[in-house]
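Work through the exercises below with the sequence and the structure in view. Each task is followed by a solution in steps.

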Amino acid sequence: MAVETAARKLSTPVTVPGRSWRHEVGAIKIVWQRDLIRFWQDRTRMVASLVQPALFLFVLGTGLSRLTSGSFGGISLKTFMFPGIVAMSTLFTALFSAGSIVWDREFGFMREMLVAPVSRSAIVLGKCFGGATVATLQGLVILCLAGAVGVPYSPSLMLELIGAMLILSFALTALGVAAAARMRNIQSFFGLMQVVVMPMFFLSGALYPLNSLPGWLRALTRVDPITYAVDPMRRLVFDHLNVSSIAQARLAPGVTWNGWVIPILLELGLVALIGLIMLGLGIWEFRLGD
Amino acid sequence: MTATAQEQQFSNEATLLPGGRPPDGEIAISVSGLKKSFGEIEAVRGVDFEVRRGEIFGLLGPNGAGKSTTINMLCTLSAPTGGSATVAGYDVVQARDAVRRSIGLVFQDTTLDGYLTAERNLRFHAELYGVPRQLAADRMRQVLEMVGLWDRRDSKVQTFSGGMMRRLEIARGLLHSPRVLFLDEPTVGLDPQTRTSIWNYIEDLKAREDITIFLTTHYMDEAEHCDRIAIMDHGQVIVLDSPQALKASVGKDRVQIRTSDDDAAIAALKEHFDVEASVHEGAVTFSVPAGQEFVPRLFAELGVPILSVVVARPTLDDVFMSYTGSTIRDVEAANPNRAIVQAFRRR
């Protein structure tokens, strides 16, 4: 076959242009796109990652509600847990996506990106956007279960939740990328994630209300960044439910600092800020290795 | 083409190209005093060489000689700890981006995304290098046809054999029309047939494009394909010339004999013929000017029973041996430290 084509000269030499914004944006886009393609192709992963949230929601949620009178002020435990479970699913997917950086490094693809004439920031940004999109899509799948746990499919609620998920998943991917940037093998990444992820999830108030907690737990929940994503999502859901003010105060009182209830936008801004700091850290780490 | 005509062509090109590419000379790669240490280990200890534009240049040596470390520095993947190097006219430290735009790379280990199709892998590359989209499609077809993978463009790379992956990597490395293509052990781990076809592509390429090819290999026989080779050992370039000139410089034939008593044979060779011999690869090995004529005398006068004889014209193995005092396989078998350097090398 080489002989057949030997006569045909490679007549279209292309020139690689100098660095430009357009080129960088193109690079961000293609890194992002690769994550999307791989997510889309991996249907097994998509279905498999539904199992855990479903277990929490329908098995744990149903089982534990036997301990209480079944509901509080007309709100079932499943409804209460729902925003937390959406956040959980986002959390796992985002960190898994970030972990693919270590994977790429181990299997060589990272080199293809690192020798390309693009800035390290473009690679890291593309990766963070990719993880954020994929995690939000995964969260969207869980969002489809809303009806089954008594959360209405109101378009405005869905849009608000998607917005919150985007911010949360971007921040978490950036966190994962910052952690993964210097790591050499996937086992140590997942080892670290085990140590970090479960505490972050359990301290976030995904499974229980954040008021009237003992002091030590209260303090821990306030330093967990996931707290500031779960709480707005829960408040948004409760805004669309028909709940008594007593139930609202008991179940979704909002996160307080010294008695001051933090507004939803500030909470989400806080999460976004953590994401940006992590993004900066990730970029810095990538440049360091350059 | 005369030198002036070539210069003319390139000054034209230089004015056409954006990004301030310097006028091309006849030197594609220039390396001087290049060094790299990993802590205590000096992987590359000050190498100097020049690669001419348009040639196939081979860096030859045993595993761990410092070849991959050298290539990594030239590709901007690893910063030198001393000396300097330019690739396509750009300094590998000062003008990293410009170097990256000018080179294509094929690594020893695959750097493809197995979950994506061949075409997707190439498209990823095109975007990452900012190849204009209307040109990219055409170029993609050309490079895929060149390596015979156009028909498989929609298959996922994980379904490819090792040889197909290497071919795809070569195609990808060429996609952005690099001035210099780096191939790190391009045929390692491939079957002989695939190795031959990879060499066909490389030679085709040289004929078709204005490209300089820099490769590393530890297969002596493959180095014959290169226009010039530099033999590297212990982090230094020992000798640099064309394969023909290097073989001529050895001038002697290599004789390997198997005997019932190697020590006695070595002593007898010294005593009767004044020839220094040593055991390599399990056989008594020595060099003499005219091997074929020497063999009858050997049988008559050695006094040690000879089980078999091999007489070989000088090969690059002999070149390596005459400059380093050991065969490349001996070196690879005897140096456990090299594994450490290998481990450092990966990033």
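**Exercise 1. A pair of strands and its sheet**

Task: In this predicted model, in which sense do strand 1 and strand 4 of chain B pair, and over how many bridges? Then place the two strands in their sheet.

Solution.
Step 1. Strand 1 of chain B pairs with strand 4 of chain B in the antiparallel sense, over 5 bridges. For a residue pair to look at, take Lys35(B), which stands opposite Gly82(B) in strand 4 of chain B.
Step 2. The sheet is open and has 4 strands, in the order 2-1-4-5 (chain B), with antiparallel pairing.
Step 3. The edges are strand 2 (41–52) and strand 5 (90–91) of chain B, each of which pairs on one side only.
Step 4. Helix 2 (residues 67–74) of chain B packs on this sheet and touches strand 1 (27–38), strand 2 and strand 4 of chain B. The direction of helix 2 of chain B makes about 120° with that of strand 1 of chain B.

**Exercise 2. A hairpin**

Task: How many residues lie between strand 4 and strand 5 of chain B, and which residue in the turn has a positive phi?

Solution.
Step 1. Strand 4 (residues 82–87) of chain B pairs with strand 5 of chain B in the antiparallel sense over 2 bridges.
Step 2. Two residue pairs can be located here: Val87(B) has Tyr90(B) as its bridge partner in strand 5 of chain B, and Thr86(B) stands opposite Asp91(B).
Step 3. The two strands form a hairpin with 2 residues between them. In the turn, Ala88(B) has a positive phi of about 50°.

**Exercise 3. The sheet of 6 strands**

Task: Which strands of chain B stand at the edges of the sheet of 6 strands, and why is one side of each left without a neighbour?

Solution.
Step 1. Write down the order, which is 6-7-8-3-9-10 (chain B); the sheet is open and its pairing is mixed.
Step 2. Strand 6 (103–106) and strand 10 (236–241) of chain B are at the edges; each has a single partner strand, so one side of each has no neighbour in the sheet.
Step 3. From one strand to the next, the twist averages 15°.
Step 4. One parallel pair in this sheet is strand 3 (residues 56–60) with strand 8 (residues 212–217) of chain B, joined over 5 bridges. Within this pair, Leu59(B) stands opposite Thr216(B).
Step 5. Helix 2 of chain B packs on this sheet, touching strand 3, strand 7 (180–184), strand 8 and strand 9 (228–233) of chain B. The direction of helix 2 of chain B makes about 150° with that of strand 7 of chain B.

**Exercise 4. Two helix crossings**

Task: At roughly what angle do helix 7 and helix 12 of chain A cross, and at roughly what angle do helix 8 and helix 11 of chain B cross? Classify each crossing.

Solution.
Step 1. In chain A, the axes of helix 7 (residues 155–180) and helix 12 (residues 264–288) come within 8 Å and cross at roughly 30°. Angles under 35 degrees count as roughly parallel, so helix 7 of chain A is roughly parallel to helix 12 of chain A.
Step 2. Helix 7 of chain A passes helix 12 of chain A in a left-handed crossing. The residues in this contact include Ala164(A) and Phe170(A) from helix 7 of chain A, and Leu268(A) and Glu285(A) from helix 12 of chain A. By class, the contact has 16 nonpolar, 2 polar and 1 charged residues.
Step 3. In chain B, the axes of helix 8 (residues 243–250) and helix 11 (residues 316–324) come within 9 Å and cross at roughly 60°. That angle makes helix 8 of chain B oblique to helix 11 of chain B.
Step 4. The crossing of helix 8 and helix 11 of chain B is left-handed. Helix 8 of chain B contributes Pro243(B), Leu246(B), Lys247(B) and Val250(B), and helix 11 of chain B contributes Leu316(B), Asp318(B), Val319(B) and Ser322(B). These residues divide into 5 nonpolar, 1 polar and 2 charged.

**Exercise 5. The contact between the chains**

Task: Which helix of chain A gives the most to the side that touches chain B?

Solution.
Step 1. The contact takes 32 residues from chain A and 40 residues from chain B.
Step 2. On the side of chain A, the elements that give two or more residues are helix 1 (2–6), helix 2 (21–41) and helix 5 (109–114) of chain A.
Step 3. Helix 2 of chain A gives the most, with 8 residues.

Notes:
Residues are numbered from 1 along each chain as its sequence is written. Chains are lettered from A and ligands numbered from 1 in the order in which they are written. This is a predicted model: local features need pLDDT of at least 70, side-chain atom pairs count only at pLDDT 80 or more; totals for chains, interfaces and linings use all residues. Axes are lines fitted to C-alpha atoms, for helices over the stretch in contact, and angles run from 0 to 180 degrees between N-to-C directions. Angles under 35 degrees count as roughly parallel, over 145 as roughly antiparallel, 65 to 115 as roughly perpendicular and the rest as oblique. A crossing is left-handed if the near helix is turned anticlockwise from the far one by less than a right angle, and right-handed if clockwise. Two residues are in contact if their C-beta atoms, placed from the backbone, lie within 7 Å. Ala, Val, Leu, Ile, Met, Phe, Trp, Tyr, Cys and Pro count as nonpolar, Asp, Glu, Lys and Arg as charged, and the others, Gly among them, as polar. Two strands pair if DSSP finds at least two bridges between them.
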